[in-house]
Structure formats: structure tokens, C-alpha cells
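Hi everyone, thanks for making time for this one. Let me put the sequence and the structure up on the screen, and then I'll walk you through the parts I'd like us to look at together.

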Amino acid sequence: MELSAWKALGQIEQIDGYEMFTVDHGNPDRPVVLMIHGFPTASWDWHAVWTRLAGDFRLITLDLLGYGLSAKPPRHRYSFAEQADLVETLMARRGFDAVHILAHDYGDTVAQELLARQNERGGEGIWKSCCLLNGGLFAGQHRPLLIQHILASRLGPLVGPLLSKARLRRSMHRIAGPQRAPTENEIDTFWALISANKGRAAIPLLSRYMHERVRHRERFFGALKHATVPLALINGSADPISGAHLVAWYRQAVGEPAFTLELADAGHYPQLEYPDAVVDGFRSFIGRVDDEQA
């Protein structure tokens, strides 16, 4: 889906004082799926699975604060807790009776913060399930690229303005699977979303999420360990950041998820590289959840 078409599906709305891009689309009479995107891109990451799921679900997503078409306040202390607050405000505004969560990368940790609140019985809405794609679920198992380390360091404010589409292209090719490199249209769209609203200046600030993951590692781990809803992993095994090693560590540290799908040739963005497989896996997981909760 072209970015122009994606924009046409959504709207800008005020959430907790910020202008946020949201999309609420699909079948309004079907179960709700809330999608949370990753770093450094935006909700457009879901477009390839979106069209395949829209007939059977009501799909909700947003560009998180500092990302995509949403506000990118300068000199802001971005945090997973604030992102989770924004998601919960959106959920409350929509008045969901129940929701399935589908998250990726940075969005996984937002989901973990939300899941921790659910475990504490203080979270918004009624969760039916949570499906996590490639992401840094465990701080010690996250293997970011060198550029991510630099951006998260004191050098970040100096390096951020030097980011370029060429550097982004190299990074995206490094984390892709062997059979499906990102297309030039995808790179162009990623770059447009990163650059929107003076977004390059926000990248070093957003990159500090890696330090936050370490500080709150026990909370985020506990969210998975003590989850009160079924959890699924759909993982691109070829991803050097959070691929097969992440799934192996999850099984060792947390136990076997309710559902696991490992895609051998997929990299860090399985929803873009192998959307049909991700959709089939997600449908299978939701089907099991529905059978067990019936």
C-alpha cells in the first residue's frame, strides 16, 4: 500500500495533548486487533498484513509519539510508560470490549508495559491475547546494530542530523532475511516517515529506549513470565537483532508460548517480508485462543 493510501485510511487526533496519527479500519462487527509498531518506522509497517486481516477484524493502530506522522516534540524524554499511556487513552476513547494485541520491535516493549499493567489488574480494556513479532523482549538478548548504540549514546545528538536514506538502506538490508530485501519503495516510505515533522532530530532521543529496557528489565520480563493472557511469538529466524536466539531464550527463561511460528528465511520485519505467513500464523493463534476461551 502506498503511503498516500495509508494516510487516507487514518486521521490526526489529539491524544493526551499530542497530535497523533491513528487508523481505525476493517470490520466494525468483528474482534478488535490493536497493532503497535517498532523503531524507527511507523504504523505503515503493518500495511501488508492489514489488507489481509481487515475483512475479519476491526484493526486499530497509531504512530507512537516521536514516530511517523505523529507529533515529535523536541528535547522530549520519550518513554515506554508514556507510549503505553497514549495507547490506553486511545483504547478508552474507542471503548473496546476486548482486544487482541499484535506488536513488533519497540512496540513489543510497549506491549510488555501494557501487559504488566494487565497483570496488575490496572490496565485499560480486556485483553484476549498478545502476539509478539521480532523485538527486544529481553534486554540481555537484544543485539542492536552499531548505529543504534551510537544513537543511544552521548554522541547521538551529533550523529542524528547526519542520518541519511543511504545509511537507512544499509541498515535495513542488514536485518532483512536472505530472500526478501526491502524494496526501494519501502526504503523511500520509511525515510519519509522518519523525516516527517523534523523527525530525524527525534531519533537519538527515541534510541534511548535501549537504556530504559535495561532499567526496567525485571518489570518487562515479569510481564511475560506472569502473563494472564495467551502469548504468541511469530519470529523471523534470520534476524540478527532478535531472531532465532530470542525464541530459544524465551523458551529457556519463560517457557513455551501458547503459539510459536518461526520463519526460517524472514528477518526483522516478518510482516513485510512474509505477510501471508504472518497472517496465517496470527489467524491460527487467534483461532486457538477463541476455542480455549469459548
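**Cysteines, sheet and aromatic pairs**

Let's start with the cysteines: a search of the whole structure turns up zero disulfides. Please keep in mind as we go that this is a predicted model.

Now, Cys130 and Cys131 are next on my list. Why is there no bond for Cys130? Its closest cysteine sulfur is the one in Cys131, and at 7.5 Å that is too far for a bond. Turn it around and Cys131 has Cys130 as the closest, again at 7.5 Å and again too far. As for exposure, Cys130 has 1% relative accessibility, so it counts as buried. Cys131 comes out at 0%, so it counts as buried too.

Let's move on to the sheet. How many strands does it have, and in what order do they come? There are eight, forming an open sheet in the order 1-2-4-3-5-6-7-8, with mixed pairing. At the edges you find strand 1, residues 10-15, and strand 8, residues 259-263; each has a single partner strand, so one side of each has no neighbour in the sheet. From one strand to the next, the twist averages 20°. Helix 12, residues 244-253, packs on this sheet and touches strand 7 (231-236) and strand 8. The direction of helix 12 makes about 155° with that of strand 7.

For a bit more detail, look at strand 3, residues 32-36. Strand 3 pairs with strand 4, residues 58-62, in the parallel sense, over four bridges. If you want to find that pairing on the screen, look for Val32, whose bridge partner in strand 4 is Arg58. Strand 3 also runs parallel to strand 5, and five bridges join the two. There you can look for Leu34, which stands opposite Ile101 in strand 5.

Let's stay with strand 5, residues 99-103. Are its residues mostly covered or uncovered? Mostly covered: five of its five residues are buried. As a reminder, in a regular strand the side chains alternate between the two faces of the sheet. In strand 5, Val99, Ile101 and Ala103 are on one side, His100 and Leu102 are on the other, and all of these are buried, so both faces are covered. Strand 5 also pairs with strand 6, residues 127-132, in the parallel sense and over five bridges. His100 stands opposite Ser129 there.

Next, the aromatics. Over the whole structure, a search finds 14 aromatic pairs. One I'd like to show you is Phe39 with Tyr67: the ring centres are 6.4 Å apart and the planes stand at 85°, so this pair is edge-to-face. Where do the two residues sit? Phe39 is in the loop between strand 3 and helix 2 (47-53), and Tyr67 is in the loop between strand 4 and helix 3 (80-94), so to speak a link between distant parts of the chain, 28 residues apart. Both Phe39 and Tyr67 are buried.

A second pair is Phe57 with Phe282, and this one is tilted, with 6.0 Å centre to centre and 55° between the planes. Phe57 lies in the loop between helix 2 and strand 4, while Phe282 is in helix 14, residues 275-293, so the pair ties together parts 225 residues apart in sequence. Phe57 is buried at a relative accessible area of 6%, and Phe282 is buried at 1%.

Coming back to Phe39 and Tyr67, ring pairs link them with Phe80, Tyr106, Tyr209 and Phe220 into a cluster.

Two members of that cluster, Phe80 and Tyr106, also turn up where helix 3 meets helix 4. The axes of helix 3 and helix 4, residues 106-119, come within 9 Å and cross at roughly 75°. That makes the two helices roughly perpendicular. Among the residues that meet there are Ala84 and Val87 from helix 3, and Val110 and Leu114 from helix 4.

Last stop: Leu206, in helix 9, residues 203-207. With 2% relative accessibility, Leu206 counts as buried. What does Leu206 contact, leaving aside its neighbours within four places in sequence? The list is Phe39, Leu65, Gly66, Tyr67 and Tyr78, which brings us back to our edge-to-face pair, Phe39 and Tyr67.

That's my tour, thank you all for listening!

Technical notes
Residues numbered from 1 in each chain as written. Predicted model: local features only at pLDDT ≥ 70, side-chain atom pairs only at ≥ 80, totals over all residues. Heavy atoms only, no water. Buried < 20%, exposed > 50% of the residue type's maximum accessible area, 1.4 Å probe, protein only. Contact = heavy atoms within 4.5 Å. Disulfide = S-S within 2.5 Å. Pairing = 2+ DSSP bridges. Axes fitted to C-alpha atoms, helices over the stretch in contact; angles between N-to-C directions. Phe/Tyr/Trp six-rings, centres within 6.5 Å; stacked < 30°, edge-to-face > 60°. Parallel < 35°, antiparallel > 145°, perpendicular 65-115°, else oblique.
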